[in-house]
Amino acid sequence: MEEMEGMVMMARLLYVAVLWFQEASNQHLLIRKGYAENNSACAGFEILLYFPVCFNQKPAKPETATKRSKVEIFKEQSNFIRYPLNEEILTDAPNINEAATQLIKFHGSYQQYNRDERGGRSYSFMLRTKNPCGKVSNQLYLTMDDLADQFGIGTLRLTTRQTFQLHGVLKKDLKTVMGSIIRSMGSTLGACGDLNRNVLAPAAPLVRKDYLFAQQTAENIAALLTPQSGFYYDVWVDGEQFLTAEPPEVTKARNDNSNGKTFTDSPEPIYGTQFLPRKFKIAVTVPTDNSVDILTNDIGVVVVTDDNGEPQGFNIYVGGGMGRTHRMETTFARLAEPLGYVPKEDILKAIKSIVEVQRDHGRRDDRRYSRMKYLISEWGIEKFRRELEDNYYQKKFEPFRKLPEWEFKSYLGWHEQGDGSLFCGLHVDNGRIGGKMKTALREVISKYNLSIRLTPNQNIILCDIRNAWKRPITTTLAQAGLLHPRYVDPLNQTAMACPAFPLCPLAITEAERGIPDILKRVRAVFEKVGLKYNESVVIRVTGCPNGCARPYMAELGLVGDGPNSYQIWLGGTPNQTSIAKSFMNKVKVQDLEKVFEPLFYNWKRKRQAKESFGDFTIRMGFEKLQELVDKWEGPEVAPTRYNLKLFADKETYEAVDQLAKLQDKTAHQLAMDVIRNFVASQQNGKSE
């Protein structure tokens with residue numbers, strides 16, 4: 001009987017698949033058996049043999065019995081991020097399976113469903129582009145604009161990492177949309193997933209040595225850390241390659257194995273089969289310009305110049321990151337800290353070495369602790385630097401160069417580029433481009449053949465504008481609501497929110513849809529407590545604690561912690577150099593004024609000269625602030641000399657208020673000006 005069963009089993013066997021893979025830093029041999037009813041070379045196998053083999057492959061790491069997360073298994077079995085995604089996108093089902101859902105992130109997409117709908121799930125996909133420095137060509141912008149109408153929800157969203165997000169793409173349209181982006185010289189490769197994400201740099205197209213050098217460095221880092229195994233093109237354009245030439249120093253750095261840490265025989269020389277333990281974020285900037293939230297990144301790179309403005313090297317920060325989990329104090333947002341200085345010719349080697357340390361030592365058992373910030377927090381910066389110097393970078397980092405104070409720069413409005421052309425920075429509320437705004441932007445970008453830049457604050461910059469075009473462009477944009485920054489509420493100019501509901505699967509409460517009303521309510525509180533219109537605080541709202549809109553750097557951060565409720569964070573600074581702290585939990589959205597009023601009222605009356613709201617909250621201390629909130633009964637009403645009621649109805653007030661804002665005044669101030677002018681004109685008429 002046993003002999004017969006053995007013969008049947010042998011008859012069912014079609015092949016023995018031998019798969020090479022690198023787990024962490026070891027190479028292994030995996031032999032599996034497949035059956036007739038499964039035509040995939042990677043699925044439905046039972047492991048027969050599993051043992052390490054040595055063919056002088058480096059880097060080597062001792063075998064451990066450490067538990068690995070499910071995503072690590074998916075990566076291991078995927079044939080470099082291909083399987084089972086390449087099969088799942090061809091099925092008739094509107095969605096893809098769990099493994100493919102994880103793998104498609106590496107291709108720049110997330111599977112989502114509309115959480116507003118009841119009685120079933122309506123699946124769609126969000127696509128995120130990858131645009132180092134936020135650079136977008138004219139052709140790519142127009143392609144994304146078309147795709148939003150043809151295959152999306154009719155809007156484009158600008159992200160906090162200088163990219164586009166295209167929502168609402170159906171599975172059946174994925175290859176068409178991806179192919180269109182690729183053929184327009186765009187890409188979504190690595191915009192999500194466990195690898196280096198989009199590399200930030202100041203979006204301003206300033207023709208200055210330091211800015212140009214920062215942007216070129218960001219592009220080189222992005223090229224260095226781009227996956228090389230071709231899985232993206234295999235899945236979406238059937239292997240057709242759309243490659244641009246890269247600088248020789250990038251190729252040299254990628255293939256350099258002088259430290260023995262490169263996978264020389266792998267199609268992924270830096271990442272190997274397992275890629276990184278978690279997402280990885282890098283930003284490059286110049287001194288003073290903190291438009292990129294430099295301290296929130298895994299690696300922050302700052303150009304250092306000599307007295308003549310010639311770039312000499314880079315200061316490097318490491319260990320920043322925003323994501324955390326509610327009620328788990330072992331997870332936390334963290335600021336990057338100084339690592340050291342490297343000469344400009346060593347920057348790619350330094351970046352690669354830091355990535356390799358995270359690849360080899362970052363946790364792969366629990367994804368909540370897999371970011372590099374946890375590795376550095378556990379080791380300490382000295383051990384991290386020592387490991388780099390001894391085994392990876394193999395040089396000493398030079399002392400960190402002194403830097404001036406950071407400033408947040410929005411680049412809104414009209415500016416000289418430095419080459420005779422102009423650029424125009426436009427504020428886009430929450431980065432959502434749609435309706436008349438979308439139509440006007442397309443008209444201007446198409447008519448004048450403009451390239452654009454996306455900013456880390458969800459705004460857009462139109463580049464290379466001739467002086468003669470300024471007036472007609474301004475008129476077209478203004479008619480669609482894209483106004484000069486002096487006509488945009490200062491609260492809105494620095495505010496950010498993540499998309500949250502209805503499509504983000506992680507959202508706990510509203511963010512993008514909720515922030516317009518929240519900002520109006522904050523403005524009303526400002527007026528109530530006597531704060532001026534041109535005074536502002538940095539407000540950021542997220543629907544969950546993952547921190548996509550970087551709320552932990554805000555002066556006032558609202559982080560979703562339940563249905564229609566927020567955790568309130570205080571203490572960030574306007575230049576994004578201090579991390580906020582949790583102040584209150586479970587504040588219902590309808591009760592926000594009960595917190596805002598006492599905080600802003602006391603800031604107005606007890607702040608020091610030029611003291612920001614964030615600095616004020618830290619100086620006062622949370623215990624005292626909580627006492628002020630708990631005892632709040634409303635602002636003191638000062639006695640007025642005259643009891644003038646200027647507005648008889650709400651409609652008149654709102655109309656005057658809109659006009660007043662254009663002149664940086666309150667409705668009351670404008671009404672009084674009109675009355676004074678009228679009285680003066682009447683008196684002049686009598687005297688004549």
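Which residues form a nonpolar patch on the surface? Here are some friendly notes on this predicted model, starting with that point.

1. The patch consists of L483, Y487, L659 and L662, and together these residues have about 330 Å² of accessible area.

2. Y487 deserves a second look. This patch member sits in the loop that links helix 14 (470–479) to helix 15 (490–494). Its relative accessibility is 32%, so Y487 counts as partly exposed; the exposed class would need over 50%.

3. For contrast, you may like to turn to Q162. This residue also lies in a loop, the one between strand 7 (156–158) and strand 8 (164–169). Q162 has a relative accessible area of 0% and is therefore buried, the cut-off being under 20%.

4. What does the side chain of Q162 reach at 2.9 Å? Its partner is the backbone oxygen of L454. L454 is also one of the contacts of Q162 once neighbours within four places in sequence are set aside, and T455 and P456 are on that list too. Others include N131, C133 and G134, as well as N198, V199, L200, A201 and A203.

5. Now for the chain as a whole. Its secondary structure comprises 21 helices and 22 strands. Of the 688 residues, 56% are buried, Q162 being one of the buried residues.

6. On contacts, take the pairs of residues at least 6 apart in sequence: 67% of these contacts join residues at least 24 apart.

7. Finally, the surface. The protein chain has an accessible surface of about 30700 Å², and carbon and sulfur atoms account for 51% of it.

Methods
Residues numbered from 1 in each chain as written. Predicted model: local features only at pLDDT ≥ 70, side-chain atom pairs only at ≥ 80, totals over all residues. Heavy atoms only, no water. Patch = residues over 30% accessible without salt bridge, like charges linked within 9 Å, V, L, I, M, F, W, Y side chains within 5 Å. Areas by Shrake-Rupley, 256 points an atom, 1.4 Å probe, with all protein chains shown as cover. Salt bridge = Lys/Arg side-chain N within 4 Å of Asp/Glu carboxyl O. Helix = DSSP H or I, 4+ residues; strand = E, 2+ residues; numbered from the N terminus. Buried < 20%, exposed > 50% of the residue type's maximum accessible area, 1.4 Å probe, protein only. Contact = heavy atoms within 4.5 Å. Polar contact = N/O pair within 3.5 Å; in protein donor to acceptor, adjacent residues only side chain to side chain.
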